[in-house]
Each structure stands twice: as structure tokens, then as C-alpha cells.
Amino acid sequence: MFKPNLFLLLGGTLFIVILIIPTILVVLFSGVNTKELLAEDSRFGSIETAKSVSDETSVKPSIDSSVEVTVYRSGKKIIEKSPLDQYLIGVIAGEMPAEFEPEALKAQVLTARTYYIKRMLNPNKEKLPQGAQVIDTVDNQVFINKEERKEKWGSDYQWKENKIFKAVKETDGQIITYNDSPIEATFFSTSNGYTENAEDYWNNSLPYLKSVKSSWDTISPSYMNEKTMPVEEFEKRLGVNLKKSSISDPIAWTEGKRVKKIEIGGKVLTGKEVRERLNLKSSDFNLSIKGKNIVIKTKGSGHGVGLSQYGANGMANEGKKYEEIIKYYYQNVEIASGDEFLNKVMAKR
């Protein structure tokens, strides 16, 4: 009878361990997410670092990315095409400081996405070049593309881009609705301490655009402003004659503490008319004559209707989430999926 040699048995066993077991392991682990394994690899640093790499490279597909936005670039006189998610990054970069709190940025993303959808479902009659949906100015929403963002931000580009990108992705597809329809998601920079009723600045009243207190705005660099204008220019812009009659105190104020009506040179004007004709920051203004000049002091920056950007950032600093910010500045609204409306937008093209 053959007696196995002990050394041959040990050698055979070692052969099996070396050649066969690694093969089994490869088969067993072939379905494992390699990014999870890399989290334990020292070449990729900490587990948190590896997770961030995974998060950035495995973005879930969204309906935003399937919607194409055509933007008229007013400076270059060309039309640029961009997926909606990339368009939103460009809008947030153009409309709100990237240094703002993430929850404030998210609130701004919702206003931007809602604005776009509302506009596409109810196109304005303003003339844009054939094929353009929106313009890149305050007439719609300010937009700056990737190359322009790189130039604007310089060495800060990457962290600012990532921060805004995250705000867009974490609110993917969400819009603001009232009675199941997208709202007029108006916004502005800085309040005078209060937002404005829609009907006090525009002709139409909207139930979700009502005046609310916004005390966070005092830290804004645009909270207080002053400009001086020659009397002659002042008279020309307003179509008044101060020699016949001077400047009176405001006749009426809005609920948002801005000038509703004022008599200047014997002529009654609305606060909005004065603001727009004199190119003032706000319709909360004070006028005084100093020699041959008019000194104009204003409080706040923007029309005052809807979301205050500095107010939103103040709320975010206090720990408020974007949903709370949205529902504070827009009354009785809901945050809903915009998929149904985006599908309608795509169907129209």
C-alpha cells in the first residue's frame, strides 16, 4: 500500500492555498463596489474622503439633466445650450454669493428652478432671438457659464462650484407650488426690515407674496445707501419743477414700510416710479435738498417682493432649513416635485 509522504501532503496543501483560494475570493468579491473597498485604502486618505469621491462620481440621473435650456447671452449676442442642472448652477452663481450658507443656496435653487418652469409654461411676450428661452440678465435671471465662473472666482472656483453643485443636486427637481401650480418665485437682495406685498409694487395681488418681517437683512452691505444728484437732473428724470413746489413727506406708505405715494414739485408719484426713474436701490427712500443737489438715502436693495437673499442667509445661520426659509417668505406654499411640469416643458419643444 502507498504511504503518502508528509512533505508531499504539505506541499500540495500549500499549492491549493496559493492558487485556488485567491480565485475563489475574486469570484466572491466581483460584485462588491470597489469605491467602498477604496475607503480602507490609505492612498485615498480617510473614509470620509473616499465617500466624497464616490458621491461626486456616482450622481443619480435626474430629469433636470434631461431638460435643455437655451440662454440668450446678451453680451456675446449668441444662444448657449445647457442642461437645466448646469443652468441652475450658473444662475445661483450669478444671483447669490457662494459664501452664503448651504440652506440659503438651496432656497435660491428652488426659486430659480420654479422661475424657469413657470416661464416655460407661461411664456412672456418679450422678444428674444429665435430659439432662446431666457436671457442672462435681471430681466429673467442672471446667468454665468462655467468659463465665466472660473474667471470670476479664480482660485476659489473649485470649492464654490462644488458648493453650488451640491445645493442643486440635494434639491433635485423640487419646485415651489401654490394650489398645485408653480408660483411667481420673485426674490431680491436686501429688505428694509420687511418684504413687500406684491400688489404694493406691481398691479396684481398674489396670496403667497405678502409682507413679512425680515430683521436679518441689517448685516447686508446694501442695507443703507446714499446717492447725490444735481437738482436739474432730478427734475428732468421725474418731470417735475422744484421751483413751483418742493418735496413733501410721503402721502402714503406700503405695508412693507416703503413709499407708496409722494408729492414732488406738485406732482404725485408712486414710490416705484421714483425708484425706477432715479435708479434707486429701494423704494424706501428719503429725499432732501442740499444746495444745488438732492441727497437720497435708501434702505434695502431690490423691489422687496418674495424671498430676501440676505434674510434667507440670516435664517440659515440660525439653523433654519431651506424648506422653512421658503415657507416663511412665500406664504401657504408647498415644496413639490417638478417632474410633471418639466415633462410638459420638454413636450412643448
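Of the 349 residues in the chain, 44% are buried (under 20% relative accessible area with a 1.4 Å probe, protein chains only; exposed means over 50%, partly exposed in between). The model is predicted, with local features requiring pLDDT of at least 70 and side-chain atom pairs pLDDT 80 or more, while totals for chains, interfaces and linings use all residues. Residues are numbered from 1 along each chain as its sequence is written, and side-chain values use heavy atoms, without hydrogens and water. The chain holds 14 helices and 14 strands (DSSP runs numbered from the N terminus: H or I of at least four residues for helices, E of at least two for strands). Contacts (heavy atoms within 4.5 Å) often link distant parts of the sequence. Among those between residues at least 6 apart, 66% join residues at least 24 apart.

In soluble globular proteins, nonpolar side chains tend to be buried together. Here the largest nonpolar core has 58 residues (a core being buried Ala, Val, Leu, Ile, Met, Phe, Trp, Tyr and Cys residues joined through side-chain atoms within 4.5 Å). Tyr87, Tyr116, Leu307 and Tyr330 have the most contacts inside it. Helix H6 (residues 102-121) supplies the largest share, nine residues. Another core, of 18 residues, lies apart from it and includes Val231, Ile262, Leu269 and Leu287. Tyr330 touches residues that include Thr111, Ile176, Tyr208 and Leu307, not counting residues up to four places away in sequence.

Helix H8 (residues 157-170) has 14 residues. At 1.5 Å a residue (times one less than the number of residues), H8 should span 20 Å, and its end C-alpha atoms are 20 Å apart, which agrees. Its buried residues are Tyr157, Lys160, Glu161, Ile164, Ala167 and Val168. Seen down the axis, they fall within an arc of 125 degrees, so they line one face of the helix (the arc is that of the directions from the helix axis to the C-beta atoms). Their cover includes helix H5 (84-95), H6 and helix H7 (146-153).

One open sheet has three strands in the order E5-E4-E14, with antiparallel pairing (strands pair if DSSP finds at least two bridges between them). Strand E5 (181-182) and strand E14 (334-337) stand at the edges, each with a single partner, so one side of each is left without a neighbour in the sheet. Two bridges join E5 to strand E4 (residues 174-178). Ser181 in E5 is the bridge partner of Tyr178. Helix H13 (residues 322-329) packs on this sheet and touches E4 and E14. Its direction makes about 120 degrees with that of E14 (axes are lines fitted to C-alpha atoms, for helices over the stretch in contact, and angles run from 0 to 180 degrees between N-to-C directions).

A further open sheet has three strands in the order E7-E12-E11, also antiparallel. Strand E7 (224-230) and strand E11 (285-290) are the edge strands, each paired on one side only. Neighbouring strands of this sheet are turned by 20 degrees against each other on average, direction ignored. E11 pairs with strand E12 (residues 293-299) over six bridges. Ile294 in E12 is the bridge partner of Ile289. Helix H10 (residues 231-238) packs on the sheet, touching E7, E11 and E12, and its direction makes about 100 degrees with that of E7.

Strand E9 (residues 259-264) and strand E10 (residues 267-270) pair in the antiparallel sense over four bridges. Glu263 stands opposite Val268 in E10. Two residues lie between the strands of this hairpin, where Gly265 takes a positive phi near 60 degrees.
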